[in-house]
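Please open the model in your viewer and keep the sequence panel beside it, since this tour moves from one selection to the next.

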Amino acid sequence: MPGLTIGDTIPDLDVQTTQGRIKLHPFCADAWTILFSHPGDFTPVCTTELGKMAEYSSEFSQRGVKLLGLSCDDVESHKEWIKDIEAYTPGCKVNYPIISDPEREIIKKLNMVDPDEKDSTGNLPSRALHIVGPDLKIKLSFLYPATTGRNMDEVLRVIESLQKASKFKVATPANWKSGDPVVISPTVTNDQAKDMFSQGFKTVDLPSKKEYMRFTKV
């Protein structure tokens, strides 16, 4: 979809939420933020997703991550829906704000429109998720169809990957999970790597003899 994407700064929108009015820049500043949209209130897949977000909220909080939901219904609808979400996911509280967007204007500005899903009012939000860094730039985006719920373990995994990459000159390989070795950026020389990674690193011997597969733990 055209519009807001990885590397862009999120717009400083003034939005109404279930926890009052907020401006996006002050809310997201100096923290990581997961901004996620849903096609509508009182829908089954969305109910499971917001429940899972609530269940995982302490995991995100431990990593300095804020949660901010969005749906196209009004605040009162959101508040009634939260009762269902918490009943469906016992013991979990929806303690994060949910943006109201009944006019479907915010989803356009945040690139969260589903071009194929409509109701009598117009286009619905997509099942989109932006991870916003402390610099207010989008670091990663997921876009799922309305029929497919997101995997919160994957959301947590990519948060940890992004945070490691922002702190060290590393990247995470395929199927990486927390605690696994990471790869050292090709822009780092071996001499630099020895200084940067006192714990050491291992280089894979490849037919090309190019020493670009270097693994370490951080």
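The tour begins with the whole chain, continues with one strand and its partners, and ends at a separate sheet.

**The whole chain**

Begin by displaying the protein chain as a cartoon, bearing in mind that this is a predicted model. Its secondary structure comes to six helices and 13 strands, and the C-alpha trace spans about 60 × 40 × 35 Å along its principal axes. If you colour the 218 residues of the protein chain by burial, buried residues make up 44% of them. Switching to a surface view shows what the protein chain exposes, about 11200 Å², of which carbon and sulfur atoms supply 52%. Colouring by charge then picks out 27 positive and 30 negative side chains, two sets whose centres lie 8 Å apart. Should you list the contacts between residues at least 6 apart in sequence, 61% of them join residues at least 24 apart.

**Strand β3**

Next, select residues 32-38, which form strand β3, a mostly covered strand in which seven of seven residues are buried. Show the side chains and look along the strand: Trp32, Ile34, Phe36 and His38 point one way, while Thr33, Leu35 and Ser37 point the other way. The residues on both of these faces are buried.

**The neighbours of β3**

Now add residues 65-71, strand β4, which pairs with β3 in the parallel sense over seven bridges. To find one place where the two strands meet, centre the view on Ser37, which stands opposite Leu70 in β4. Adding helix α2, residues 44-62, completes a right-handed β-α-β unit made by β3, α2 and β4.

Keep β3 in view and select strand β8, residues 127-132, which runs antiparallel to β3 and is joined to it by four bridges. Here Leu35 is a useful residue to label, as its bridge partner in β8 is His130.

**The four-stranded sheet**

For the last stop, select β10, β11, β13 and β12, which in that order form an open sheet with antiparallel pairing. Strands β10 (170-171) and β12 (202-203) stand at the edges with a single partner strand each, so one side of each is left without a neighbour in the sheet. Inside this order, zoom in on strand β11, residues 182-184, and strand β13, residues 214-216, which pair in the antiparallel sense over two bridges. Which residue of β13 stands opposite Val182? Label Thr216 in β13, for this is the residue that Val182 stands opposite.

How values were computed: Residues numbered from 1 in each chain as written. Predicted model: local features only at pLDDT ≥ 70, side-chain atom pairs only at ≥ 80, totals over all residues. Heavy atoms only, no water. Buried < 20%, exposed > 50% of the residue type's maximum accessible area, 1.4 Å probe, protein only. Pairing = 2+ DSSP bridges. Right-handed = clockwise from strand over helix to strand, strands pointing away. Contact = heavy atoms within 4.5 Å. Areas by Shrake-Rupley, 256 points an atom, 1.4 Å probe, with all protein chains shown as cover. Lys, Arg positive; Asp, Glu negative; His and termini not counted. Charge placed at Lys NZ, Arg CZ, Asp CG, Glu CD.
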